[in-house]
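Here's a quick walk through one model, with a helix, a ligand site and a few odd backbone spots on the list. Have the structure open as you read.

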Amino acid sequence: MALEGGALATDTRTPLSPERIAELAAWDLRYHWHGFTQMATYEPLIIHRAEGCWLETIDGRRLLDGCSSLWCNVHGHNHPQINAAVVEQLSRVAHVTTLGMAADVTVELARRLSQIAPVSDAHVFFASDGACSVEAALKICVQYWQQRSPAQPQKRRFLTLGEAYHGDTLGSVSVGGIPLFHQRFGGMLFECFRCPCPDTYRLPEGVTSEAALEYYLGAAERILSEHAEEIAAVVMEPLVQGAAGMIMHPPGFLAGMRRLATKYDVLLVLDEVAVGFGRTGTMFACEQESVEPDVLCLGKGLSGGYLPIAATLASHAVFEGFAGSITAGRQFYHGHTFGGNPLAAAAALASLDLFGSNQLLAHVNRQAERLAASLERLAELPEVGSIRQRGLMVGIELVQDKETRQPFPREELRAAAWCRRALERGVWLRPLGDVVVLMPPLAISPAELDLLIASLP
Ligand SMILES: *Cc1c(COP(=O)(O)O)cnc(C)c1O
């Protein structure tokens, strides 16, 4: 468990020698190509062990994990109950396929997810990463319309949001809407219908906060009323667009999109890879607007952030269209070697148990209040344009001009400078453009939360 005040439990293992530390750093630069990282300027940061919310580097520095090891850690690292579940599973079987068979533990997890997720009589398809859960969702939707009666095979396009992020595979980048990721791969991506990003901080010219909801839903409805014939599904992140920089949707936007999807007979796919599993204060973000998607994508926190596993949940109505004789060829033409891996499934079940036994959602909501109160002082700083928070998901956007919301020149890397300072103070954060992101493990203690805030200017 997380230790108050920040010390790791005494480690009796031998510390690494200076030679070993230097060697690992050199090898990290020479052999290891890091994602979303400029290797020419990368400075090795290598973790040797972790416990609770604390990471320990190979040279013995202790760092508070302020971004949950990229938004996935839930109960802290090295948790005895999750460790025990994985070890117990390891003593039986590490991996079997889900193609035509299953591990008992994966069956158990499918049932648990179906019981807790706000999807009607959900059937659970497993993958290993969030991007792949989105890929599966897209293909489920397209194949569904071909096999439903009456068939509507022309429904094979998607309506998506500006600045959306759904992962880095080509299909998930196609439904994504972050120009930086799109430009490089133009021509390899499929075209989507795209609504304006339902941003509540940077509103379109002439649109007031009060009118924003109507404006954004109106834009979506114009596309749907004209093109629903060819649209398989609306694909969106509910409530918060994480990778876009913690962009908060106007309240009611999700419920409005659900109504529109139903009205125009398109499926609703919700990507809760980032916001699922308690991050926003409810188990699933869509519960906050009482919305049930037709298809739900889960990843990151599913295994408590321990092991790679992701899931695509489809309602029974969607699933039904895939039934038939083997030769009818209606089965879902998609599958991953390591989907539903038993070790990851065991970690996921243990993680779900901990939500109950630790009353984690109540803890998240208490901590979110504490965090909101302590962030107030930052709002006064001249460079803080906006502090956006849902549960334990925070974006602090830095701007050159508070009034006009004019961004800093890109080369200034302001948010990165905040994160570098935090690192010097023992807290690991990772920015998104000009946005400083705070995403601590959900189990973070009040004292640790205070340390996190104290690392900021
Ligand atoms: C992280 C993320 C993904 C991609 O998940 P990976 O496991 O990195 O492939 C997809 N959607 C959202 C909303 C995410 O935040």
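How far apart are the end C-alpha atoms of helix α8, and what should its 19 residues span? Keep in mind that this is a predicted model.

## Helix α8

Helix α8 runs over residues 209-227. At 1.5 Å a residue, its 19 residues should span 27 Å, and the end C-alpha atoms sit 28 Å apart, which agrees.

Now for the two sides. The buried residues of α8 are A212, Y216, L217, A219, A220, I223 and L224. Looking down the axis of α8, you'd find these buried residues within an arc of 145°, so they line one face of the helix. The general rule behind such a pattern is that an α-helix has 3.6 residues a turn, so residues three or four places apart point the same way. Over on the other side of α8, E210, E214, R222 and E226 are exposed.

## Around the ligand

Which residues surround the ligand? Going along the chain, you meet W71, then D129, G130 and A131, then Y165, H166 and G167. After those come E237, D271, V273, A274 and K300. By type, this shell splits into five nonpolar, three polar and four charged residues.

Some polar atoms come in at short range. G130 has a polar backbone atom 2.8 Å from an oxygen atom of the ligand, and a backbone N or O atom of A131 is likewise 2.8 Å from a ligand oxygen. K300 uses its side chain instead, with a polar atom 2.6 Å from an oxygen of the ligand. As for cover, the ligand has 380 Å² of accessible area on its own, and the protein covers 83% of that.

## Backbone oddities

Most residues other than glycine have a negative phi, and most peptide bonds are trans. With that as the yardstick, a few spots in this model are worth a look.

K300, already met at the ligand, has a positive phi of about 25° although it is not a glycine. You'll find K300 in the loop between β11 (295-298) and β12 (310-314). Is K300 buried or partly exposed? Its relative accessibility is 27%, so K300 counts as partly exposed. N78 is another non-glycine residue with a positive phi, near 55°. N78 belongs to the loop between α2 (68-71) and α3 (80-90), and with a relative accessible area of 36% it is partly exposed.

Then there's a cis peptide bond, which joins S149 and P150 with omega at about -5°. P150 lies in the loop between α5 (130-147) and β5 (157-161).

## Helices α3 and α11

Where does Q89 sit? Q89 is in helix α3, and it is buried, with a relative accessible area of 0%. The cut-off for buried is under 20%, so Q89 qualifies. Its side chain isn't without a polar partner: the side chain of Q89 makes a polar contact with the side chain of R92, at 2.8 Å.

For a residue from much later in the chain, turn to L349 in helix α11 (residues 342-357). L349 is buried too, with a relative accessible area of 11%. How far is the C-alpha atom of L349 from that of V86? The two residues are 263 residues apart along the chain, and their C-alpha atoms are separated by 9.9 Å.

Note on methods: Residues are numbered from 1 along each chain as its sequence is written. This is a predicted model: local features need pLDDT of at least 70, side-chain atom pairs count only at pLDDT 80 or more; totals for chains, interfaces and linings use all residues. Side-chain values use heavy atoms; hydrogens and water are left out. A residue is near a molecule or strand if one of its heavy atoms lies within 4 Å of it. A polar contact is a pair of N or O atoms within 3.5 Å; within protein, one must be able to donate a hydrogen and the other to accept it, and residues adjacent in sequence count only if both atoms are side-chain atoms. Accessible areas come from the Shrake-Rupley method with a 1.4 Å probe; for residues, only the protein chains shown count as cover. Ala, Val, Leu, Ile, Met, Phe, Trp, Tyr, Cys and Pro count as nonpolar, Asp, Glu, Lys and Arg as charged, and the others, Gly among them, as polar. Helices (H or I, at least four residues) and strands (E, at least two) are DSSP runs, numbered from the N terminus. The expected span of a helix is 1.5 Å times one less than its number of residues. Buried means under 20% relative accessible area, exposed over 50%, partly exposed in between (1.4 Å probe, protein chains only). The arc is that of the directions from the helix axis to the C-beta atoms.
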